[in-house]
Amino acid sequence: MQLTVIGTGYLGAVHAACMADIGHDVLGVDVDSEKITALIEGRPPFYEPGFDDVLTRALASGRLRFTTSLREAAAHGEVHFICVGTPQQAGSLAADMRYVDAVVDGLVPHLPASCLLVGKSTVPVGTTARLTSRIADLAPEGVRAEVAWNPEFLREGFAVEDTLRPDRLVAGITSREADETLRRVYAPMLEAGVPYISTDPSTAELVKVAANSFLATKISFINAMAEVCDAAGADVATLADALGHDTRIGRRFLNAGLGFGGGCLPKDIRAFTARAEELGVGPAIAFLHQVDEINERQRTRTVALARQMAGGDLTGRRVAVLGATFKPDSDDVRDSPALAVAMSLHRQGADVRVHDPEGTANARLAHPELRCSSDLLTVCQGAEIVLHLTEWGQYREVDPVKLARVVRRPVLIDGRNALSHDTWRAAGWTVKALGRPASPGLPSAARAGEPLRALIAPMAAEPGRT
Ligand code: UDX
């Protein structure tokens, strides 16, 4: 089939390459000419495991091309996928729909024949209906452009896998033709047994925001439990394991720590609350404000923990931050909890060095004031506290004995509860993590009700330090 994929970010570029990989003739479109040049040359404009292979294969097959021209896209596609961003609006919780609207406005007047526009971006419920009337005004005489919504659930770091083998496909359609067209697009997946749910557009739009809201709620739930664990001297990791054995609950997305970030979860729950207000059902999902608040609090609590470990004052203290991206296996630093903590430590006067295997370029762009490097030993040299804030696999391979020789003081805050605390303690490190009992050598965590602050032995202040 002749497909266009408009917007070549993490979602669109992977979708375009994967659609070509399963046999379609695909034209990828973006306004960013640098990104398009990179893609044409087979250079992924972002880090995503496995994407370079699919891109190379798809380009070599001749079934994948790229352009910056929406006119060219209009002429090419029988199905046009809209994959542009819907970021949070400045000064509001709502989603900014200007990029979606710009695609429609730029594409539809040039359509030579009837076709299907398929939205994949995460949007406020009601968007398909709104775009349908916008398109009716823009389409050339005799051309019918129908809109369907087919939300994308891919996770960064697993984007190729999630696109080629999704958990489910959801199609929000208004006609049988649209349903049949989408089934033809995804025929190889359907043959492989991927569940396909066809429904009305509003339900399809809602599935996506509901899924992300549920995931965010699950993370904030376990982080709220971590705070209770700190007060009670209990262990949130064991709690999560025990909860997770209940198959109705499940263990996934119950990892307590620094909380969620990225380009999706935070802005999606905010946009959902804004849309619910517009629909007059704000109170029904008011709990999402608290989900957001609990999530933000993990960042503050982590910084407070670092301050306490530094004896109450971070001024001039050398701190190593492991991880800049919002999650491992990605170079994405949008709303990164790790960088938010690093910036807060920096603002409090700490001498912060940040390590990340893939995200240093984006981290430097976002926060030029931070010193970032992809050399772990350089970053940790002379550090008085090491904060593990993004759980890259390579941090689990670090030898804590060797690292202890490089730092000034072997103090670790595991903000992701992902390192082997016993191993690090055996190597002489003082280890602290939110929701976990204090390490041996620190005051007993067993006194129920004692606040976190009292459970952490502050590091002795540097003699002579003001
Ligand atoms: C998310 C959704 O999972 C995906 O379906 C949707 O299409 C886009 O948004 P993504 O943003 O790539 O995907 O990341 P995800 O794996 O969901 O992680 C989001 C954040 O939650 C990360 O910052 C991660 O570190 C954090 N997280 C995840 C936790 O803090 N604890 C967990 O148990 C799981």
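**Exercise 1. A residue in a short helix**

Is Arg 71 buried or exposed? Work it out from its neighbour count, keeping in mind that you are looking at a predicted model.

*Solution.* Start by placing the residue: Arg 71 belongs to helix α4, which covers residues 70-76. Next, count its surroundings: 12 other C-beta atoms lie within 10 Å of Arg 71. A residue with 12 or fewer such atoms is classed as exposed, so Arg 71 is exposed. To finish, look along the chain to Pro 109, which is 38 residues away from Arg 71 in sequence, with 8.9 Å between the two C-alpha atoms.

**Exercise 2. The overall build**

Describe the chain as a whole, then decide how its radius of gyration fits the expectation for a compact globule.

*Solution.* Begin with the secondary structure: the chain holds 20 helices and 14 strands. Then take its extent, which is about 80 × 45 × 40 Å along the principal axes of the C-alpha trace. For a compact globule of 466 residues, a radius of gyration near 23 Å would be expected; the chain has 24 Å, so the two agree. Burial comes next: 49% of the 466 residues count as buried. Last, consider contacts between residues at least 6 apart in sequence: 71% of them join residues at least 24 apart.

**Exercise 3. Domains and their meeting place**

Which domains does the assignment give, and how many residues of domain 1 are in contact with domain 2?

*Solution.* The domain assignment divides the chain into domain 1 (2-199), domain 2 (209-291) and domain 3 (297-455). Now turn to the first pair: the centres of domain 1 and domain 2, taken over C-alpha atoms, are 29 Å apart. Where they meet, eleven residues of domain 1 are in contact with eleven residues of domain 2. On the domain 1 side, the residues that touch domain 2 comprise seven nonpolar, three polar and one charged.

**Exercise 4. The shell around the ligand**

How many residues surround the ligand, and which helix gives the most to this shell?

*Solution.* First, the count: 20 residues surround the ligand, and the closest are Glu 156, Asn 255, Phe 260, Gly 262 and Cys 264. Second, sort the shell by class, which gives ten nonpolar, six polar and four charged residues. Third, ask where the residues come from: domain 1 and domain 2 each supply at least three. The helix that gives the most is α10 (residues 201-232), with three residues.

**Exercise 5. The two sides of a helix**

Why can the buried residues of α8 be said to line one face of the helix?

*Solution.* List the buried positions of helix α8 (residues 176-185): they are Ala 178, Thr 181, Leu 182 and Val 185. Now look down the axis of α8: these buried residues fall within an arc of 95 degrees, so they line one face. The other side of α8 has Arg 176 and Glu 180, both exposed. Finally, find the packing partners of the buried residues, which are the strands β1 (2-6), β4 (79-82), β5 (115-119), β6 (145-149) and β7 (169-172).

**Exercise 6. Four loop residues**

Classify Phe 253, Asn 417, Arg 334 and Ala 433 by burial, and add what you can about their settings.

*Solution.* Take Phe 253 to begin with, in the loop between α11 (236-244) and α12 (265-278). Its phi is near 65 degrees, a positive value in a residue other than glycine. Phe 253 has 16 C-beta neighbours inside 10 Å and therefore counts as partly exposed.

Asn 417 sits in the loop between β13 (411-414) and α19 (421-426), and its phi, near 50 degrees, is positive too. With 22 C-beta neighbours inside 10 Å, Asn 417 counts as buried.

Arg 334 is in the loop between β9 (318-322) and α14 (337-347). Its 20 C-beta neighbours inside 10 Å make it buried, since the cut-off for that class is 20 or more. Leaving aside neighbours within four places in sequence, Arg 334 is in contact with Gly 262, Gly 263 and Phe 326.

Ala 433 lies in the loop between β14 (430-432) and α20 (452-455). It is buried, with 28 other C-beta atoms within 10 Å. Residues up to four places away in sequence aside, Ala 433 touches Ile 413, Asp 414 and Asn 417. Between the C-alpha atoms of Ala 433 and Asp 414 there are 5.0 Å, although the two are 19 residues apart in sequence.

Terms used. Residues numbered from 1 in each chain as written. Predicted model: local features only at pLDDT ≥ 70, side-chain atom pairs only at ≥ 80, totals over all residues. Helix = DSSP H or I, 4+ residues; strand = E, 2+ residues; numbered from the N terminus. Arc of directions from axis to C-beta. Contact = placed C-beta atoms within 7 Å. Near = placed C-beta within 6 Å. Nonpolar A, V, L, I, M, F, W, Y, C, P; charged D, E, K, R; others polar. Domains from an automatic or database assignment. Rg over C-alpha atoms; globule rule 2.2 N^0.38 Å.
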